Amino acid sequence: MSPSVVSENKSSVVGAAPQGASDQTSAARAVREMFTSIAPRYDLLNHVLSFNIDRLWWRRSARAFRHILVRSDARVLDLCCGTGDMTFALRRQAGKSSPRIVGADFSHAMLQRATAKSTGWNASAPDWIEADAMNLPFAGSRFDLVTSAFGFRNLADYDAGLREISRVLRPGGECGILDFGEPKGVLGSLYRIYFKQVLPRVGTLISGVRGPYAYLPASVERFPAPEEMIARMKGAGFAEATWTPYSFGIAGLYRGKKLR
Ligand SMILES: C[S@@+](CC[C@H](N)C(=O)[O-])C[C@H]1O[C@@H](n2cnc3c(N)ncnc32)[C@H](O)[C@@H]1O
């Protein structure tokens with residue numbers, strides 16, 4: 001699989017489109033296969049390719065929701081949890097409180113690694129569930145917080161994904177979507193060389209799989225810009241939708257509160 005060609009206006013983008021996918025079902029299948037293929041090296045590659053800054057982004061995102069996480073009666077869902085690093089950041093931020101934290105992903109191989117990393121957390125370990133973010137196995141109005149780190153961008157339909165998040169959030173509940181952005185200016189130009197030329201080569205070398213690390217920059221380029229994403233969040237029923245850039249906009253956190 002090689003990167004998808006970016007030609008459309010970002011406001012007309014429906015969702016992720018790995019090359020070769022002809023509809024949303026085949027796009028979701030391609031995404032799942034891709035992450036399953038890199039699961040054994042996913043953590044290593046994440047830390048190497050981001051120079052460990054990913055840990056700061058997860059921690060900072062979790063801290064933004066501390067007011068919810070310190071409540072022992074809170075219910076928290078981390079979508080597209082992968083090997084669980086964002087989920088564990090939420091767990092750490094909860095400290096001595098014991099909110100119910102669930103990590104969900106549709107790649108079994110990624111969840112196996114998350115489960116293995118739970119050793120030592122005992123009773124306070126997050127629960128892991130194999131589920132599609134587009135069709136969650138939860139009743140409506142169930143969670144106080146729904147997060148997703150570097151996963152939402154891979155959904156086959158962004159608006160439907162936001163509606164599904166809104167459905168499972170209780171009124172007044174919050175969502176946090178951490179994902180890559182496109183920094184501007186000179187730094188942006190340098191970063192683009194790294195992200196488009198260096199990262200795919202190193203990622204391919206270490207993982208032994210060609211597609212995913214070429215798909216990554218293409219999917220970020222295709223992802224709606226912050227203004228567009230905020231408009232989509234508002235359209236899905238989130239008030240106070242905002243975006244906070246992290247590390248000069250290389251990543252950023254979208255936040256929204258479901259209308260009461
Ligand atoms: C880039 S990884 C991010 C993992 C983790 N959140 C992190 O920050 O490292 C994206 C994850 O999203 C998952 N994913 C993509 N689309 C999904 C969907 N529709 N439902 C559930 N999981 C999905 C993939 O399986 C993958 O594990």
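Ala, Val, Leu, Ile, Met, Phe, Trp, Tyr, Cys and Pro count as nonpolar, Asp, Glu, Lys and Arg as charged, and the others, Gly among them, as polar. By class, 13 residues of the shell around the ligand are nonpolar, 5 are polar and 2 are charged. The model is predicted.

The ligand has 20 residues around it. Those that come nearest are Tyr 42, Cys 80, Asp 105, Ala 133 and Ala 149. Two elements give two or more residues each to this shell: α1 (24–38) and α2 (42–49). The space that the ligand takes is the second largest pocket.

Polar contacts were examined next. The side chain of Tyr 42 has an N or O atom 2.9 Å from an oxygen atom of the ligand. For Trp 58, a side-chain N or O atom also lies 2.9 Å from a ligand oxygen. Phe 106 takes part through its backbone, where an N or O atom is 3.2 Å from a nitrogen atom of the ligand. On its own, the ligand has 600 Å² of accessible area, and the protein covers 97% of this.

Aromatic rings were also paired. The count comes to 14 aromatic pairs. One of them joins Phe 180 and Phe 195. Their ring centres are 5.5 Å apart and their planes meet at 55°, so the pair is tilted. Phe 180 belongs to strand β5 (residues 169–180), and Phe 195 to helix α8 (residues 185–207). The two residues are 15 residues apart, and the pair links distant parts of the chain.

How values were computed: Residues are numbered from 1 along each chain as its sequence is written. This is a predicted model: local features need pLDDT of at least 70, side-chain atom pairs count only at pLDDT 80 or more; totals for chains, interfaces and linings use all residues. Side-chain values use heavy atoms; hydrogens and water are left out. A residue is near a molecule or strand if one of its heavy atoms lies within 4 Å of it. A polar contact is a pair of N or O atoms within 3.5 Å; within protein, one must be able to donate a hydrogen and the other to accept it, and residues adjacent in sequence count only if both atoms are side-chain atoms. Accessible areas come from the Shrake-Rupley method with a 1.4 Å probe; for residues, only the protein chains shown count as cover. On a 1 Å grid over the protein atoms alone, a cavity is a set of points where a 1.4 Å probe fits but cannot get out, and a pocket is an open set with protein on both sides within 12 Å along at least five of seven lines; lining residues have an atom within 4 Å of a point. A molecule sits in a cavity or pocket if more than half of its atoms lie within 2 Å of its grid points. Helices (H or I, at least four residues) and strands (E, at least two) are DSSP runs, numbered from the N terminus. Rings of Phe, Tyr and Trp (its six-membered ring) pair if their centres lie within 6.5 Å; planes under 30 degrees apart count as stacked, over 60 as edge-to-face and the rest as tilted.
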